[in-house]
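Q: I would like to go through this structure with you, beginning with the rings and then moving on to the cores and the surface. Could you keep the answers short?

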Amino acid sequence: SFDTSLTLTSYFIAFVASTFAVWLTTRLTLPFPRLILGSVLMGLGISGMHYTGMLSLDVQGYEQRYEPLIVICSVLVAICGSCLAFWLTFKNKYSPKRNIMNAFVAVMLTFSIVAMHYIGMAAVDFVPLNSMDVLLAAQINHNLLLFIVLFVTSLLLMAAFSVAVLE
């Protein structure tokens, strides 16, 4: 199950961080300190959303334990991917092939988010607390929940892609 308040907090973190990061990096000029600040904001927003969402996850009979070095690597991947995306977007702002480059940058940023997610998931171990609870939890069918999550995620990705194409 998920803690609703932490899940909503993770969405809020992503919204606020990405809004300010995009605002910072879409000015007429992009000095290096502003590029770094926007990239750190976006990377921390991506990571903050992921790890707050993971914190909201309650797997009955298990406890989450993280490997700190892998967590740091996942945050750095998000920051570096954001930095490259913002820099390429700014450099190709007036390019005749701007639309193609924007699509490439969107795909690249998506891959950095996905990489951050999988690296972050590699950092977590679910340790069983009680073996009897684990057996009961394994018997519960979560296919409908998985379908709903995949369906909503697909809708969001299609909406984001449509907005990117319209831009």
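Q: To begin, how many aromatic pairs does a search of the whole structure find?
A: The model is a predicted one, and a search of the whole structure finds one aromatic pair. Y51 and Y66 form this pair, with an edge-to-face arrangement.

Q: What are the distance and the angle for Y51 and Y66?
A: The centres lie 5.7 Å apart, and the planes make an angle of 75°. The cut-off for edge-to-face is over 60 degrees, so the pair falls in that class.

Q: Which elements hold the two tyrosines?
A: Y51 is in helix α2, whereas Y66 is in strand β1, which covers residues 62-66. The two are 15 residues apart, and the pair links distant parts of the chain.

Q: Are Y51 and Y66 buried or partly exposed?
A: Y51 counts as buried, at 17% relative accessibility. Y66 is partly exposed, its relative accessible area being 32%. The limit for buried is under 20%, which is why the two residues fall into separate classes.

Q: Turning to the interior, which residues touch the most other members of the largest nonpolar core?
A: That core has 13 residues, and M42, I46, Y51, F86 and M116 touch the most other members. Y51 therefore belongs to this core as well as to the aromatic pair.

Q: Which elements give two or more residues to this core?
A: They are α2 and α3, the latter spanning residues 68-91. Helix α3 gives the most, with five residues.

Q: Where is the second core?
A: It is separate and has five residues, among them L88, V105, M108 and L109.

Q: Back to M116: what does M116 touch?
A: Leaving out residues up to four places away in sequence, M116 touches I46, S47, H50, Y51, S74, V77 and A78.

Q: S47 is on that list, so to speak; is S47 buried or exposed?
A: S47 is buried, with a relative accessible area of 4%. The residue sits in helix α2, which runs over residues 32-56.

Q: What is S47 in contact with?
A: Beyond its neighbours within four places in sequence, S47 is in contact with S74, V75, A78 and M116. In addition, the C-alpha atoms of S47 and H117 are separated by 8.1 Å, although these residues are 70 apart along the chain.

Q: A change of topic: how many salt bridges does a search of the whole structure find?
A: The search finds one salt bridge. E63 forms it with R65, and the closest N and O atoms are 2.8 Å apart.

Q: Are E63 and R65 buried or partly exposed?
A: E63 is partly exposed, with a relative accessible area of 32%. R65 is also partly exposed, with a value of 46%.

Q: Which residues form a nonpolar patch on the surface?
A: F32, I36, V40 and L44 form one, and together they have about 350 Å² of accessible area. I36 lies in helix α2 and counts as partly exposed, at 33% relative accessibility.

Q: Where is A106?
A: A106 is placed in helix α4, residues 98-122. At 37% relative accessibility, A106 counts as partly exposed.

Q: What separates A106 from A85?
A: The two are 21 residues apart in sequence, and their C-alpha atoms are 7.6 Å apart in space.

Q: Finally, the overall picture: how many helices and strands are there?
A: The protein has six helices and two strands. From the N terminus on, the order is α-α-β-α-α-β-α-α.

Q: How much of the protein is buried, and what about the accessible surface?
A: Of the 167 residues, 27% count as buried. The accessible surface comes to about 11,400 Å², and 75% of this belongs to carbon and sulfur atoms.

Q: What share of the contacts with a separation of 6 or more comes from residues 24 or more positions apart?
A: Such residues account for 80% of those contacts.

Key. Residues numbered from 1 in each chain as written. Predicted model: local features only at pLDDT ≥ 70, side-chain atom pairs only at ≥ 80, totals over all residues. Heavy atoms only, no water. Helix = DSSP H or I, 4+ residues; strand = E, 2+ residues; numbered from the N terminus. Buried < 20%, exposed > 50% of the residue type's maximum accessible area, 1.4 Å probe, protein only. Contact = heavy atoms within 4.5 Å. Core = buried A, V, L, I, M, F, W, Y, C linked by side-chain atoms within 4.5 Å. Patch = residues over 30% accessible without salt bridge, like charges linked within 9 Å, V, L, I, M, F, W, Y side chains within 5 Å. Areas by Shrake-Rupley, 256 points an atom, 1.4 Å probe, with all protein chains shown as cover. Salt bridge = Lys/Arg side-chain N within 4 Å of Asp/Glu carboxyl O. Phe/Tyr/Trp six-rings, centres within 6.5 Å; stacked < 30°, edge-to-face > 60°.
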